[in-house]
Amino acid sequence: MLFGTLIYGFVNSAILALLAMGFNLTFGISGVANFAYGAVYIFSGFSVWIFLNTIGLPYLISVILAIILAILMGLFIYYGIILRIKGMPLSEVMATFGLGLAIMELFRYFDFVGFRYTLPVFIDGSLNIGDVYIDYQRMIIGLIAVVLTFGLYLFTNHTRMGLAFRAIAQDERTALTFGIDSDHVGALSMAIGCALAAIAAVVILPLGTIAVEGGYEVLINALAVCIVGGLGSTVGILVASVLIGYSQTFTANYLEPHWMMLVSLIAIAVVLIVKPSGLFSHQKELEERI
Amino acid sequence: MRRRTCFFVFALFFLAIWITPINNATAAEPIILGVPTSLGFLEGKEGLSCVKMAVDEINTSGGVKVGSVMRPFKVVAIDARGAEPGVPVSDVIRAHKKLILEDKANFIVFGSFRSECAIACMDVVGQYKVPMILGTAMSPGMQKKVMTDYDKYKYTFRACLNAIYLVKYLGGTMGYLNKEFGFNKVFIMNQDVAWARKTGDIMIKAVYDKMGWEVVGRQQYPTGSSDFSAGLMKAKAKGAQVILPIFDMPQSGILVKQWKSMHIPALMAGFISPLAGPGAWKTFDGKIAGAMNCIFEIGNMPVPKVPKSVEFYEKYLKKYGKPIEAGHSPAPAYEMIYVLKEAIERAGSVNGDKVVAALEKTDRVGAMGRIKFGKDHQVVYGNNPEVEALGCMIQWREPGKRVIVYPPSVAEGKIQLPEGLKSLK
């Protein structure tokens, strides 16, 4: 039982890390709000389903097309919405959140409701580790989460573009004086964030059903991980995912699953009281204000 | 000359009106049916389609005879979203009030998706004396209210299965499993909503305790949960032979996938809404063989021994071009419109009190079997479709066939154990 809890706790942590990664890159690292993140996740899931089942494309092509669509959507959100209200964070949050609601409710309006919206797993079957069966799809999720986290860390800390992402969040005017085109970087950040949401959708959704309500949960989970880990910190995302993921799994296994949701909320409350900028963030301005 | 022309034109106009065949039903004031449902859930969506199907049929055949006037039904639907997590009951109550006060609904049908909402809305319909027939909510709390304060709550009826009857079907199945295979250890996994909690509670008290089963554990999952590994690992660790799932959320399909991928050596027998319809086999890549699921009301699935259920199922397929996928609600949604029509015609009025009295006298043979309300305003369900309405248990078999295994009156085959699980006898 304990071994099983550890294994499934790892998978849960990997899922949370994957869900939070794109949101963290866009909002945390670049400071560009994308509260349509959950909608992009659901949009990508439904896109794959449509390419696969309605148009009849091969799975791999469907996945690639869905990721490209997510990137295009990110660019549209930036150039179509964010650019017009840039510099007004509250407006950015409200506009993107509104767009997200519209996208999700459109899916509901067009009858994307029911149990039939599922994606096939990448590799069928499961592996027995110490009398605990774990399916290959969950192992793939763990692997992709580790690779992407490491890749994101390298990208934001050791590449010019990654540093530019961070620069526009720290001080856009100073970044401009260094020759960083903030609009170009902001759009790229939004596009990559949406691509990460699409990747998360493509690997996580084969475990279950694509449901419109899932978009709201994704946004809440991403927010929880980012608040606890600290906006903008890749290491923080990793630690927060592990903390929340394992806490949720242990709560489900040794207490009751209906307490699981409380774990995230308690973690958010505690972090906001003790260290408002998150465990690994360095937003001194926020801390000093509190 | 001009006067003659005008006269001629008017004469032609009135003649045209006079000779145009007017359907009395469409000319008369419509009877408004308020439908507050939850379209984000399959049961809500298909239920509304069935309400519309029945209304279309009735209107096409002339409408409802109220006294000497034929009046059509008119559907006014609201997506009150009562089934979704986080939607407060007050929103659903507001939807009911809007239907009654603004849209002037004469009746509420199929209303208040969740029991939490339905029970609260009984006060609303009682206040405005508007009869309401429920088609999804399952908590027996509704009947309790009718029985304890009849004058106030007599306006509420329920056409669908309730938690008590569900327990009877599940209990019968458990008895069969015990008798045939010697199973006596169960692990309960249920959604954390009123009807599912209540069903689990009643199963423990009325079935497992009495039958001498050991309930080795129970886990309750909030609506929207998407990982069931904790419960499945516990079930395996504690040696459960049967897992009783009670869920109606779309994500509950994940439970079946995990059950299969984690090789849990226990029979899945209960209710998981995504497993009810014929599309489940394809949706879950054929990995549901052996799982048993309750179809709450027949008609949602054709039962050859009950011809009306087959007729209804095929009518739906013809009209909408796809089969019914929900195991709960569509057939009662369809039948309740006919039940209401017959009650209005018996009462000769749309007055709430008169229609309530007429509804209590309902006796109709329909898609669900024989439909009669008990004193508590719940349609009586049983095992004989000639005497009562009927639900059934099915088992998924290769290559994607739903085989009715309970009750014996309509059974098509015996329960088969899935791979890896052996009989104790």
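In chain B, the C-alpha centres of domain 1 and domain 2 sit 29 Å apart. Keep in mind that this is a predicted model. Here's a quick tour of how chain B is divided, what packs in the largest nonpolar core, how a few strands of chain B line up, and what chain B shows to chain A.

**Domains of chain B**

- Both domains come in two pieces: domain 1 covers 24–160 + 305–382, and domain 2 covers 164–295 + 391–406.
- Where the two meet, 15 residues of domain 1 of chain B are in contact with 20 residues of domain 2 of chain B.
- On the domain 1 side of that contact you'll find eight nonpolar, four polar and three charged residues.

**The largest nonpolar core**

- This core has 244 residues, and the members touching the most others are A:L18, A:V40, A:A198 and B:V109.
- Its top contributor is helix α8 (residues 182–204) of chain A, which puts in 17 residues.
- Domain 1 and domain 2 of chain B both supply residues to the core, so it lies between them.
- Zooming in on A:L18, and skipping residues up to four places away in sequence, its contacts are A:I141, A:I144, A:A145, A:L148, A:A200, A:V203 and A:I204.
- As general background, nonpolar side chains tend to be buried together in soluble globular proteins.

**Strands around β11 of chain B**

- Strand β11 (residues 267–272) of chain B is mostly covered, with six of its six residues buried.
- Strand β10 (residues 242–247) of chain B runs parallel to β11(B), and four bridges join the two.
- As part of the register, B:I243 stands opposite B:M268 in β11(B).
- Put helix α11 (residues 253–261) of chain B together with β10(B) and β11(B), and you get a right-handed β-α-β unit.
- β11(B) also pairs with strand β12 (residues 292–295) of chain B, again in the parallel sense, over two bridges.
- Here B:A269 stands opposite B:M292 in β12(B).

**Where chain B touches chain A**

- The contact draws 32 residues from chain B and 28 residues from chain A.
- On the chain B side, the elements giving two or more residues are α3 (42–60), β9 (214–221), α10 (229–237), α11 and α12 (280–283).
- That side of chain B splits into 12 nonpolar, 13 polar and seven charged residues.
- Note that α11 of chain B turns up in two places: it gives two or more residues to the side touching chain A, and it belongs to the β-α-β unit with β10(B) and β11(B).

Methods: Residues numbered from 1 in each chain as written. Chains lettered and ligands numbered in written order. Predicted model: local features only at pLDDT ≥ 70, side-chain atom pairs only at ≥ 80, totals over all residues. Core = buried A, V, L, I, M, F, W, Y, C linked by C-beta atoms within 7 Å. Buried ≥ 20, exposed ≤ 12 C-beta atoms within 10 Å, placed from the backbone. Domains from an automatic or database assignment. Contact = placed C-beta atoms within 7 Å. Pairing = 2+ DSSP bridges. Right-handed = clockwise from strand over helix to strand, strands pointing away. Nonpolar A, V, L, I, M, F, W, Y, C, P; charged D, E, K, R; others polar.
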